[in-house]
Amino acid sequence: IVSNLVGYDSLVTDIQHVLDTLVMKELEVQTKSGRWFLLGMRPYRTLENVIEGAVITFVDITRTKKAETIRHLATVVADANDAITVQDLAGQILAWNPAAARIYGWTEAEAMQMNVRDRIPAALRLEEVDVLTRLSQAEVLAPYETKRLTKDGRVLTVQLTATALTADDGDVYAIATTERIVNDN
(Lines give C-alpha, C1' and ligand atoms only; values in the text may rest on other atoms or scores of the structure.)
Protein backbone atom coordinates (compact mmCIF):
# COMPACT_ATOMS: atom_id res chain seq x y z
CA ILE A 1 0.00 0.00 0.00
CA VAL A 2 1.41 3.37 -1.03
CA SER A 3 0.24 6.63 0.53
CA ASN A 4 1.05 10.30 0.33
CA LEU A 5 0.57 10.88 4.05
CA VAL A 6 3.04 13.12 5.85
CA GLY A 7 4.86 11.53 8.77
CA TYR A 8 2.70 8.42 8.79
CA ASP A 9 4.36 5.29 7.51
CA SER A 10 2.81 2.58 9.68
CA LEU A 11 -0.44 1.97 7.79
CA VAL A 12 0.29 -1.71 7.11
CA THR A 13 1.46 -2.28 10.71
CA ASP A 14 -1.64 -0.54 12.10
CA ILE A 15 -3.98 -2.56 9.88
CA GLN A 16 -2.30 -5.78 11.03
CA HIS A 17 -2.75 -4.66 14.67
CA VAL A 18 -6.46 -4.01 14.04
CA LEU A 19 -6.81 -7.49 12.51
CA ASP A 20 -4.91 -9.12 15.39
CA THR A 21 -6.75 -7.32 18.21
CA LEU A 22 -10.12 -6.67 16.47
CA VAL A 23 -9.99 -3.15 17.97
CA MET A 24 -10.69 -0.27 15.58
CA LYS A 25 -8.21 2.57 15.24
CA GLU A 26 -8.71 6.22 14.25
CA LEU A 27 -6.15 8.96 13.78
CA GLU A 28 -5.78 12.30 12.06
CA VAL A 29 -3.39 12.32 9.10
CA GLN A 30 -2.24 14.97 6.65
CA THR A 31 -1.48 14.53 2.96
CA LYS A 32 1.52 16.05 1.20
CA SER A 33 -0.88 18.52 -0.43
CA GLY A 34 -1.94 19.80 3.02
CA ARG A 35 -5.39 18.21 3.34
CA TRP A 36 -6.36 16.55 6.64
CA PHE A 37 -8.26 13.28 7.02
CA LEU A 38 -9.63 11.19 9.85
CA LEU A 39 -8.25 7.75 9.03
CA GLY A 40 -10.34 4.88 10.36
CA MET A 41 -9.40 1.19 10.37
CA ARG A 42 -11.86 -1.52 11.38
CA PRO A 43 -11.98 -5.28 11.02
CA TYR A 44 -14.25 -6.46 8.20
CA ARG A 45 -16.67 -9.22 9.27
CA THR A 46 -18.64 -11.33 6.85
CA LEU A 47 -22.25 -12.35 7.44
CA GLU A 48 -20.84 -15.58 8.88
CA ASN A 49 -18.98 -13.48 11.50
CA VAL A 50 -15.58 -14.29 10.00
CA ILE A 51 -12.87 -11.63 9.79
CA GLU A 52 -11.99 -11.32 6.10
CA GLY A 53 -9.90 -8.16 6.11
CA ALA A 54 -10.05 -4.52 7.14
CA VAL A 55 -12.13 -1.53 6.16
CA ILE A 56 -10.15 1.69 5.79
CA THR A 57 -12.00 5.00 5.66
CA PHE A 58 -10.80 8.55 5.06
CA VAL A 59 -13.03 11.44 6.13
CA ASP A 60 -11.90 14.89 4.98
CA ILE A 61 -11.49 17.14 8.06
CA THR A 62 -9.47 19.93 6.41
CA ARG A 63 -12.06 22.64 7.14
CA THR A 64 -12.28 21.57 10.78
CA LYS A 65 -8.49 21.70 11.16
CA LYS A 66 -8.38 25.20 9.61
CA ALA A 67 -11.12 26.40 11.96
CA GLU A 68 -9.19 24.89 14.87
CA THR A 69 -6.08 26.82 13.79
CA ILE A 70 -8.08 30.04 13.65
CA ARG A 71 -9.50 29.41 17.14
CA HIS A 72 -5.98 28.82 18.47
CA LEU A 73 -4.83 32.06 16.86
CA ALA A 74 -7.76 33.89 18.46
CA THR A 75 -6.87 32.44 21.87
CA VAL A 76 -3.27 33.62 21.57
CA VAL A 77 -4.31 37.18 20.76
CA ALA A 78 -7.15 37.49 23.29
CA ASP A 79 -5.04 39.66 25.62
CA ALA A 80 -3.61 41.96 22.93
CA ASN A 81 -4.21 45.71 23.20
CA ASP A 82 -4.71 46.06 19.45
CA ALA A 83 -7.84 44.93 17.61
CA ILE A 84 -7.10 41.60 15.96
CA THR A 85 -9.54 40.08 13.52
CA VAL A 86 -9.63 37.17 11.10
CA GLN A 87 -11.93 37.03 8.11
CA ASP A 88 -12.39 34.58 5.28
CA LEU A 89 -11.80 35.57 1.66
CA ALA A 90 -15.43 36.65 1.28
CA GLY A 91 -14.95 39.06 4.22
CA GLN A 92 -16.95 37.08 6.80
CA ILE A 93 -15.48 37.75 10.24
CA LEU A 94 -14.18 34.53 11.83
CA ALA A 95 -12.36 35.89 14.89
CA TRP A 96 -12.71 39.09 16.92
CA ASN A 97 -10.58 39.69 19.99
CA PRO A 98 -11.64 41.59 23.15
CA ALA A 99 -9.64 44.67 22.08
CA ALA A 100 -11.64 44.79 18.83
CA ALA A 101 -14.85 44.72 20.89
CA ARG A 102 -13.55 47.52 23.13
CA ILE A 103 -12.31 49.69 20.22
CA TYR A 104 -15.19 49.21 17.77
CA GLY A 105 -18.12 48.53 20.11
CA TRP A 106 -19.44 45.31 18.57
CA THR A 107 -19.39 42.22 20.76
CA GLU A 108 -17.70 39.12 19.43
CA ALA A 109 -21.11 37.53 18.77
CA GLU A 110 -22.23 40.59 16.79
CA ALA A 111 -18.98 40.77 14.83
CA MET A 112 -19.17 37.10 13.86
CA GLN A 113 -22.41 37.92 12.01
CA MET A 114 -20.74 40.75 10.07
CA ASN A 115 -18.71 41.14 6.93
CA VAL A 116 -15.57 43.27 7.02
CA ARG A 117 -17.24 45.60 4.47
CA ASP A 118 -19.71 46.59 7.22
CA ARG A 119 -16.80 48.25 9.06
CA ILE A 120 -15.36 50.16 6.08
CA PRO A 121 -16.63 53.67 5.26
CA ALA A 122 -18.50 53.63 1.91
CA ALA A 123 -15.96 55.94 0.23
CA LEU A 124 -13.13 53.45 0.92
CA ARG A 125 -14.84 50.15 0.06
CA LEU A 126 -13.50 49.79 -3.51
CA GLU A 127 -9.96 50.58 -2.37
CA GLU A 128 -10.19 48.09 0.50
CA VAL A 129 -11.62 45.35 -1.75
CA ASP A 130 -8.50 45.81 -3.91
CA VAL A 131 -6.35 45.26 -0.79
CA LEU A 132 -8.32 42.08 0.03
CA THR A 133 -7.80 40.83 -3.53
CA ARG A 134 -4.05 41.42 -3.32
CA LEU A 135 -3.89 39.63 0.04
CA SER A 136 -5.91 36.69 -1.31
CA GLN A 137 -3.10 36.21 -3.83
CA ALA A 138 -0.63 36.00 -0.90
CA GLU A 139 0.88 39.39 -1.68
CA VAL A 140 2.73 40.83 1.31
CA LEU A 141 1.60 44.37 2.10
CA ALA A 142 3.24 46.95 4.31
CA PRO A 143 1.16 48.27 7.21
CA TYR A 144 -1.00 51.18 6.10
CA GLU A 145 -3.34 53.83 7.48
CA THR A 146 -7.03 53.48 6.75
CA LYS A 147 -10.40 54.18 8.30
CA ARG A 148 -12.84 51.91 10.12
CA LEU A 149 -16.36 52.44 11.42
CA THR A 150 -17.43 51.86 15.02
CA LYS A 151 -20.80 50.54 16.13
CA ASP A 152 -21.87 54.04 17.16
CA GLY A 153 -20.98 55.45 13.71
CA ARG A 154 -17.65 57.11 14.50
CA VAL A 155 -14.85 56.87 11.94
CA LEU A 156 -11.49 55.87 13.36
CA THR A 157 -8.14 56.22 11.63
CA VAL A 158 -6.20 53.03 12.22
CA GLN A 159 -2.80 51.60 11.38
CA LEU A 160 -3.70 48.25 9.79
CA THR A 161 -1.38 45.30 9.31
CA ALA A 162 -2.92 42.52 7.24
CA THR A 163 -1.54 39.03 6.84
CA ALA A 164 -2.71 36.32 4.46
CA LEU A 165 -3.18 33.00 6.28
CA THR A 166 -2.07 30.17 4.03
CA ALA A 167 -2.48 26.43 4.08
CA ASP A 168 0.53 24.14 3.69
CA ASP A 169 -0.08 24.08 -0.06
CA GLY A 170 0.25 27.88 -0.23
CA ASP A 171 -3.44 28.60 -0.80
CA VAL A 172 -4.76 31.61 1.12
CA TYR A 173 -7.82 30.73 3.22
CA ALA A 174 -8.22 33.78 5.48
CA ILE A 175 -6.88 37.25 6.30
CA ALA A 176 -5.73 38.30 9.78
CA THR A 177 -5.55 41.98 10.68
CA THR A 178 -4.03 43.92 13.54
CA GLU A 179 -5.56 47.37 13.90
CA ARG A 180 -4.22 50.16 16.13
CA ILE A 181 -5.99 53.48 16.56
CA VAL A 182 -4.02 56.40 15.08
CA ASN A 183 -6.65 58.97 16.05
CA ASP A 184 -10.27 59.02 17.13
CA ASN A 185 -12.29 61.43 14.93
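Helices, at least four residues long, are DSSP runs numbered from the N terminus. The model shown in these views is predicted.

**View 1. Helix α1 and the residue that follows.** Helix α1 spans residues 11-21. Just after α1, Leu-22 adopts a positive phi of about 60°. Within the helix, the buried residues are Leu-11, Asp-14, Ile-15 and Val-18. They line one face of α1, because their directions fall within an arc of 100° when seen down the helix axis. Val-12, Thr-13 and Asp-20 are exposed on the other side of α1.

**View 2. What the buried face of α1 packs against.** Three strands meet the buried residues of α1: β1 (25-30), β2 (36-45) and β3 (51-60). Ile-15, one of those buried residues, also belongs to a core of 10 residues. Leu-5, Val-29 and Met-41 are among the other members of that core.

**View 3. The largest nonpolar core.** Eleven residues make up this core: Ala-83, Ile-93, Trp-96, Ala-100, Ile-103, Tyr-104, Trp-106, Ala-111, Met-114, Leu-156 and Val-158. At least two residues come from each of β5 (93-96), α3 (98-104) and β7 (155-166). Helix α3 contributes the most, with three. The core that includes Leu-5 and Ile-15 is separate from this one.

**View 4. Ile-93 and its contacts.** Ile-93 is a member of the largest nonpolar core. Setting aside neighbours within four places in sequence, Ile-93 contacts Val-86, Gln-87, Ala-111, Met-112, Met-114, Asn-115, Val-116 and Arg-119. Ala-111 and Met-114 also belong to the largest core.

**View 5. Asn-115 in its loop.** Asn-115 sits in the loop between α4 (108-111) and α5 (125-136). With a relative accessibility of 15%, Asn-115 counts as buried, because the cut-off is under 20%. A polar atom of the Asn-115 side chain lies 3.0 Å from the backbone nitrogen of Arg-117. Beyond neighbours within four places in sequence, Asn-115 is in contact with Ala-90, Gly-91, Gln-92 and Ile-93.

**View 6. Ala-101 on helix α3.** Ala-101 is placed in helix α3. The residue is partly exposed, at 25% relative accessible area. Not counting residues up to four places away in sequence, Ala-101 touches Trp-96, Trp-106 and Thr-107. Trp-96 and Trp-106 are both members of the largest nonpolar core. Ala-101 and Ala-111 are 10 residues apart in sequence. Their C-alpha atoms are 8.3 Å apart in space.

Conventions:
Residues are numbered from 1 along each chain as its sequence is written. This is a predicted model: local features need pLDDT of at least 70, side-chain atom pairs count only at pLDDT 80 or more; totals for chains, interfaces and linings use all residues. Side-chain values use heavy atoms; hydrogens and water are left out. A nonpolar core is a set of buried Ala, Val, Leu, Ile, Met, Phe, Trp, Tyr and Cys residues joined through side-chain atoms within 4.5 Å. Buried means under 20% relative accessible area, exposed over 50%, partly exposed in between (1.4 Å probe, protein chains only). Contact means heavy atoms within 4.5 Å. A polar contact is a pair of N or O atoms within 3.5 Å; within protein, one must be able to donate a hydrogen and the other to accept it, and residues adjacent in sequence count only if both atoms are side-chain atoms. The arc is that of the directions from the helix axis to the C-beta atoms.
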